[in-house]
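Subject: Structure handover

Dear colleague,

I am passing on the structure below, followed by notes on what was found in it. Please read the notes with the structure open beside them.

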Amino acid sequence: MISVIVCAAGRGARAGFSRNKLLEECNGLPLLAHTLSAFSGQADEILVTCSEEDEAAIGAIIRTFPHARTVRGGATRGESVKNALAAVRGEIVLVHDGARPFVSPKVIGDCIESVRAFGSGVCALPATDTTVIARDGQIVSTPDREEVFTVQTPQGFYTEELRLAYERAGERVFTDESSLFAAYVRPPRLFPGDRANRKLTYPEDFRFAERVGFGVDTHAFGEGDHILLGGVKIPSERGLIAHSDGDVLAHAVTDALLSAAGLKDIGTYFPDTDPAYAGADSMQLLGTALTLAEEKGYRVKNLSVSVLAETPRLAPYIDAIRASLASALSLPPDGAAVAAGTNEKLGYVGEGKGITVYAMLLLCGK
Ligand code: MG
């Protein structure tokens, strides 16, 4: 029987979130759920250490994993693992950092194999940077890089031996089980880790969550003497027919944004049958959509827009449209690109009946 202890009792304050970083989402799932999925196929039980504060939130996540349950964590990582070890039923136990959600089933399988073959299995990578021993800001020695490894998790052991190591360590604090095991049992065996199995520690480690979105909108020409594109007023012989202000470009971008965030389309949030949106400022609606995406933990990385219109001539307004979009989406000046062209007199655009806008947008973690 294989047991897994997932360390999730810390807050991960260095990541800068207001809550446990493992509750943050990646591709629509909490990070902790990614970790649990990776282990699900190979573990008979998963014990997730968690603080009292996070028990409800973590409990809700593990509900979909039948072999998982929570164990109250302690003041330190070691204390949490020790608490969990007391409840472990498996003969082999793997300890894993909850903050490594990209662990692969292969690494987990290799860890278990290593325990069976060598009595322990510690996931490690050869150092790529030169590492040094320093004191008071000065290098004391430079270990031979061939002999330097960075240690990840999972780390696997026979449960009885790991319990023994913790017993012998008493109050002494270790940063991981491999150093504890080395100090009190025997040198543990390394097996090759995986660069993707990185530990998410700092805010920049969370910028992996990229999501692309696409949006299209078309409005027909009707009455009026101007059109609005991205909030910029452009003189025109005819206006665009719309329930709102008819900003066809803002609508396409809003749909791309909502789509990237995994939300529903513009009509769901701002229905054109609702009198509240009669003549609505579409750039304001875009702002509301941005808030919805931000609430899901995203920010816009860049935007690419293509406008198809036979008239009016848009070239003189492109820079203003780009600036308006960049400002609305909190992007740097080159973050919003806008191209405009005609449709070579073909189709409804070519016949001057309306304008179509295509928008593509990339979101990333905040
Ligand atoms: Mg529209």
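Asp110 and Lys106 both belong to helix H4 (residues 105-118), where they stand four residues apart, about one turn of the helix; helices here are DSSP runs of H or I with at least four residues, strands are DSSP runs of E with at least two, and both are numbered from the N terminus. The two side chains form a salt bridge whose closest N and O atoms are 2.7 Å apart, the term being used for a side-chain nitrogen of Lys or Arg within 4 Å of a carboxyl oxygen of Asp or Glu. Asp110 counts as partly exposed at 25% relative accessibility, whereas Lys106, at 58%, counts as exposed (buried is under 20% relative accessible area, exposed is over 50%, and partly exposed lies in between, with a 1.4 Å probe and protein chains only).

Before going further, please keep in mind that this is a predicted model, in which local features need pLDDT of at least 70 and side-chain atom pairs count only at pLDDT 80 or more, while totals for chains, interfaces and linings use all residues. Residues are numbered from 1 along each chain as its sequence is written, and side-chain values use heavy atoms, with hydrogens and water left out.

The structure holds 13 salt bridges. One of them joins Arg89 and Glu45, at 3.4 Å from N to O; Arg89 sits in the loop between H3 and strand E6 (92-97) and Glu45 in strand E4 (residues 45-50), so this pair ties together parts that are 44 residues apart in sequence. Arg89 counts as exposed, with a relative accessibility of 58%, but Glu45 counts as buried, at 1%. Another salt bridge is that of Lys301 and Glu210, 2.4 Å from N to O, and this pair links distant parts of the chain, with Lys301 in strand E16 (residues 298-308) and Glu210 in the loop between strand E11 (190-192) and strand E12 (211-222), 91 residues apart. Both partners are partly exposed, Lys301 at 38% relative accessibility and Glu210 at 36%. In addition, Arg77, Asp97, Arg100 and Glu177 are linked in a network of salt bridges.

Two members of that network, Arg77 and Asp97, are also among the residues that lie nearest the centre of the largest pocket, together with Lys21, Ala99 and Lys199. A pocket was found on a 1 Å grid over the protein atoms alone, as an open set of points where a 1.4 Å probe fits, with protein on both sides within 12 Å along at least five of seven lines, and its lining residues have an atom within 4 Å of a point. The volume of the largest pocket is about 820 Å³, a volume being the space filled by probe spheres set on the points, which are joined across faces, edges and corners. Its lining of 35 residues divides into eleven nonpolar, 14 polar and ten charged (Ala, Val, Leu, Ile, Met, Phe, Trp, Tyr, Cys and Pro count as nonpolar, Asp, Glu, Lys and Arg as charged, and the others, Gly among them, as polar). Helix H3 (77-87) and strand E10 (149-158) each supply at least two lining residues, and E10 gives the largest share, five residues.

As for the strands, all six residues of E1 (residues 2-7) are buried, with Ile2, Val4 and Val6 on one side and Ser3, Ile5 and Cys7 on the other. E1 pairs in the parallel sense with E6 over six bridges and with E4 over five, two strands being taken as paired if DSSP finds at least two bridges between them. Ser3 has Val93 of E6 as its bridge partner, and Ile5 has Leu47 of E4.

An open sheet of five strands runs in the order E15-E12-E18-E16-E17, with mixed pairing, and its edge strands, each pairing on one side only, are E15 (239-240) and E17 (336-341). Within this sheet, E12 and E18 (residues 354-365) pair in the antiparallel sense over ten bridges, and Gly215 stands opposite Ala359 in E18.

Lastly, the chain is assigned domain 1 (2-206) and domain 2 (210-365), with bounds taken from an automatic or database domain assignment, and the C-alpha centres of the two domains lie 46 Å apart.

With best wishes
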